[in-house]
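Me: I am new to this structure. Please take me through the terms used for it, one at a time.

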Amino acid sequence: PDTISTDLHSGNVDGAARDLPWVMTKLYHLGMTLPDIIKAVTQTPATAIGYDDTIGVLDVGREADITVLEVTDGKEVAEDAVGNKRTLQKMIQPKIVWRNGIMKKIM
């Protein structure tokens, strides 16, 4: 995919689209590279909505919302929207977040 989002709504918050790192993890499991995943949640969506001149990449004069991610070993079963299951071996997890220059807690 060119862009990645959660399509999160009340019907899937505890399932297929739990949060963005979960969706990123599932695509990583399916063979998408980490650089392609990062681009699909940052630069490409910013371009798609016409904000590529202010967000989507780290550069001088742009807003710098930053999430530090870590790929960790794990074992968790992921289920898609129709009930197919796969066991994930690597998880993409947020470690630190800055929003508008302020560090935020990770729940």
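What follows is a run of short questions and replies on how its parts get their labels.

Me: What kind of model is this?
Reply: The model is predicted.

Me: How many helices and strands are in the chain, and in what pattern?
Reply: The chain has 3 helices and 3 strands. Along the sequence the pattern reads α-α-α-β-β-β. The C-alpha atoms fill a box of roughly 45 × 30 × 25 Å along the principal axes.

Me: What makes β1 and β2 a pair?
Reply: Two strands pair if at least two bridges are found between them. β1 and β2 have 12 bridges, in the antiparallel sense. Therefore they count as a pair.

Me: Which residues face each other as bridge partners in these two strands?
Reply: Leucine 69 has proline 94 in β2 as its bridge partner. Glutamate 70 has glutamine 93, also in β2. Glutamate 79 stands opposite lysine 85 of β2.

Me: What links β1 to β2?
Reply: The two strands form a hairpin, with 5 residues between them. In the turn, glycine 83 has a positive phi of about 100 degrees.

Me: How do you know that β2 and β3 pair?
Reply: The same test is applied: at least two bridges are needed. β2 and β3 pair over 3 bridges, in the antiparallel sense. So the requirement is met. One of the partnerships joins tryptophan 98 to methionine 103 in β3. This is a hairpin too, with 2 residues between the strands. Asparagine 100, in the turn, has a positive phi of about 55 degrees.

Me: Why are β1 and β3 called edge strands?
Reply: The open sheet has 3 strands in the order β1-β2-β3, with antiparallel pairing. β1 and β3 each pair on one side only, so they are its edge strands. On average, neighbouring strands of this sheet are turned by 30 degrees against each other, direction ignored.

Me: What makes a group of residues the largest nonpolar core here?
Reply: A nonpolar core needs buried residues of the nonpolar kinds, joined through side-chain atoms within 4.5 Å. Buried means under 20% relative accessible area. The largest such set has 8 residues: Ile4, Val23, Met24, Leu27, Met32, Ile37, Ala40 and Ile92. α1 and α2 are the elements that give two or more residues to this core. The largest share, 3 residues, comes from α1. Over the whole chain of 107 residues, 19% count as buried.

Me: Why does leucine 30 count as exposed?
Reply: The cut-off for exposed is over 50%. Leucine 30 has 55% relative accessibility, so leucine 30 counts as exposed. This residue lies in the loop between α1 and α2. Leucine 30 and leucine 88 are 58 residues apart in sequence, yet their C-alpha atoms are 9.3 Å apart in space.

Me: Why is valine 57 called partly exposed?
Reply: Under 20% would be buried, and over 50% would be exposed. Valine 57 is at 28%, so valine 57 counts as partly exposed. Valine 57 sits in the loop between α3 and β1. Its C-alpha atom is separated by 11 Å from that of valine 41, 16 residues apart along the chain.

Me: What makes a space a pocket, and how much space lies in the largest one?
Reply: A pocket is an open set of points, while in a cavity the probe cannot get out. About 1,100 Å³ of space lies in the largest pocket. Its lining has 33 residues, and the closest to its centre are Leu20, Val41, Ile66, Thr67 and Leu69.

Me: Which elements supply the lining of the largest pocket?
Reply: α1, α2, α3, β1 and β2 each supply at least two residues. The largest share, 7 residues, comes from β2.

Me: How do the residues of that lining divide into nonpolar, polar and charged?
Reply: The lining has 20 nonpolar, 5 polar and 8 charged residues. Leu and Val count as nonpolar, so Leu20 and Val41, among the residues closest to the centre, fall in the nonpolar class.

Notes. Residues are numbered from 1 along each chain as its sequence is written. This is a predicted model: local features need pLDDT of at least 70, side-chain atom pairs count only at pLDDT 80 or more; totals for chains, interfaces and linings use all residues. Side-chain values use heavy atoms; hydrogens and water are left out. On a 1 Å grid over the protein atoms alone, a cavity is a set of points where a 1.4 Å probe fits but cannot get out, and a pocket is an open set with protein on both sides within 12 Å along at least five of seven lines; lining residues have an atom within 4 Å of a point. Grid points are joined across faces, edges and corners, and a volume is the space filled by probe spheres set on the points. Helices (H or I, at least four residues) and strands (E, at least two) are DSSP runs, numbered from the N terminus. Buried means under 20% relative accessible area, exposed over 50%, partly exposed in between (1.4 Å probe, protein chains only). Axes are lines fitted to C-alpha atoms, for helices over the stretch in contact, and angles run from 0 to 180 degrees between N-to-C directions.
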